[in-house]
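Trainee: I have a new structure open. Can we go through it together, with reasons for each term?
Mentor: Gladly. Ask as we go.

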Amino acid sequence: MAAPCPNLELRPLGNTGLKVSSVGFGAALLVESSAPSEDEAIASVREAFRRGINFFDTSPYYGGTLSEKMLGKGLKALGVPRNEYVVSTKCGRYIEGFDFSAERVTRSIDESLERLQLDYVDILQCHDIEFGSLDQIVNETIPALQKLKEARKIRFIGITGLPLGIFTYVLDQVPPGTVDVILSYCHYSINDSTLEDLLPYLKSKGVGIISASPLAMGLLTENGPPEWHPASPELKSVCQAAAAYCKEKGKSITKLAMQYSLSNKDISSVLVGMNSVGQVEENVTAAIELAKFGKDQETLAEIEAILSPVKYQTWPSGIQKS
């Protein structure tokens, strides 16, 4: 397969030495209810790589391990050297529940590597740690991941979750350089940019920053969020009004939201779920147009004004789909 197009920005991932594409490929959607066929899923992975996306993220939780299997097939189909792409998977959250014990996460990576058809993953992340004991994460889970790092099954260690306080809690208790990456979601989008307040702290720790769900799990789309979305009726209604306003102006709220998230270069990669060649094209085009022309400041200001009554309104962890 030809090398990826050199038109998507690569950004440093903290102190890891890795450079990841500004747009990351979230593989959770490969196994949603509207998931594509296997051929289409593989085609979307191939197109993502061709268009310059080199960062791919999955989890054994997504689709009850099917996401890892599908992504593994897509990556194998690339036919390129392993060092040309960065793979992140997770541990601790499974279709049967949460288990952050050293024994389970150690077993988990072997299972993930088999499904992904890889010898190692670049990043192994503790998945949604607010649902476990943060002290267990610090004292048991992360030390187990350090052993996996020594065994060269993983290169770097990450943590993910919704409440921003979990990141400072863990990072303040582990030695510098122990946690390499954090993945935050729904906290750097037009309706909620609270991750911005944490960026100086994270940078001081040398941590790579991944921001997922720039569309706020469907709030910032014309079709609106899925039924399970835990946002308040007010937040859903105001976001729907913002999307309708964009449509009236001939603008795409999805593109505006992507470009808003991509514009902060302290964020290493903006991770978005994709399951079709068309979605890959849409997200990469948004990034390329941002680099060439900048943000649509006028429309963004109008949208932010519409969203101002619900700015920073979030929801408690509980119902989660990535």
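Mentor: Start with Cys126, in this predicted model. The bridge partner of Cys126 in S9 is Ile159.

Trainee: What makes S8 and S9 a pair?

Mentor: Two strands count as paired with at least two bridges between them. Five bridges join S8 (residues 121-126) to S9 (residues 154-161). That meets the cut-off, so they pair, and they run parallel. Leu124 adds another example, with Ile157 as its bridge partner in S9.

Trainee: What packs on the sheet there, touching S8 and S9?

Mentor: Helix H4 (residues 134-150) does, and H4 also touches strand S5 (86-91). The direction of H4 makes about 155 degrees with that of S9. Helix H6 (residues 195-204) packs on the sheet too, touching strand S10 (181-185) and strand S11 (208-212). The direction of H6 makes about 160 degrees with that of S11.

Trainee: How covered is S9?

Mentor: Mostly covered: seven of its eight residues are buried.

Trainee: Which strands make up the closed barrel?

Mentor: Eight strands, in the order S3-S4-S5-S8-S9-S10-S11-S12, with parallel pairing. Neighbouring strands of this sheet are turned against each other by 30 degrees on average, direction ignored.

Trainee: How do you know that S12 pairs with S3 and with S11?

Mentor: Count bridges again, with at least two needed. Four bridges join S3 (residues 23-26) to S12, and the two run parallel. There, Gly24 stands opposite Leu271 of S12. S11 and S12 have three bridges, also in the parallel sense. Ile210 stands opposite Ser269 in S12. Both counts reach the cut-off, so both are pairs.

Trainee: Why is S12 called mostly covered?

Mentor: Buried means under 20% relative accessible area. Four of the five residues in S12 (residues 269-273) are buried.

Trainee: Now the helices. Why are H7 and H10 called roughly antiparallel?

Mentor: Look at the angle. Helix H7 (residues 233-248) and helix H10 (residues 297-307) pack at about 155 degrees, with axes 9 Å apart. Angles over 145 count as roughly antiparallel, so the label fits H7 and H10. Their crossing is right-handed.

Trainee: Which residues make that contact?

Mentor: H7 gives Val238, Cys239, Ala241, Ala242, Tyr245 and Cys246. H10 gives Thr299, Glu302, Ile303, Ile306 and Leu307.

Trainee: What makes H1 and H9 roughly parallel?

Mentor: Helix H1 (residues 38-50) and helix H9 (residues 277-293) cross at roughly 25 degrees, and their axes come within 8 Å. Under 35 degrees counts as roughly parallel, so H1 and H9 earn that name. H1 passes H9 in a right-handed crossing. Ala43, Ser44, Glu47 and Ala48 in H1 meet Val277, Val280 and Glu281 in H9.

Trainee: Why is H2 called oblique to H3?

Mentor: Helix H2 (residues 66-78) and H3 pack at about 45 degrees, with axes 7 Å apart. Roughly parallel needs under 35 degrees, and roughly perpendicular takes 65 to 115. The angle of about 45 degrees falls in neither range, so H2 is oblique to H3. Glu68, Lys69, Leu71 and Gly72 in H2 meet Ser112, Arg115 and Leu116 in H3.

Trainee: Take Arg115. Is this residue buried or exposed?

Mentor: Arg115 sits in helix H3 (residues 102-116). Its relative accessibility is 15%. The cut-off for buried is under 20%, so Arg115 counts as buried.

Trainee: What makes the link from Arg115 to Glu68 a polar contact?

Mentor: The side chains of Arg115 and Glu68 make it at 2.6 Å. The limit is 3.5 Å for a pair of N or O atoms, so the distance qualifies. Arg115 also touches Pro60, Thr65, Lys69 and Gly72, among residues beyond four places away in sequence.

Trainee: And how do you know whether Ile95 is buried or exposed?

Mentor: Ile95 lies in the loop between strand S6 (93-94) and strand S7 (97-98). Its relative accessible area is 60%. Exposed means over 50%, so Ile95 is exposed.

Trainee: What does Ile95 contact, leaving aside neighbours within four places in sequence?

Mentor: Tyr61 and Gly64. The C-alpha atoms of Ile95 and Thr65 are separated by 8.2 Å, with the two residues 30 apart along the chain.

Conventions: Residues numbered from 1 in each chain as written. Predicted model: local features only at pLDDT ≥ 70, side-chain atom pairs only at ≥ 80, totals over all residues. Heavy atoms only, no water. Axes fitted to C-alpha atoms, helices over the stretch in contact; angles between N-to-C directions. Contact = heavy atoms within 4.5 Å. Buried < 20%, exposed > 50% of the residue type's maximum accessible area, 1.4 Å probe, protein only. Polar contact = N/O pair within 3.5 Å; in protein donor to acceptor, adjacent residues only side chain to side chain. Left-handed = near helix turned anticlockwise from the far one by under 90°.
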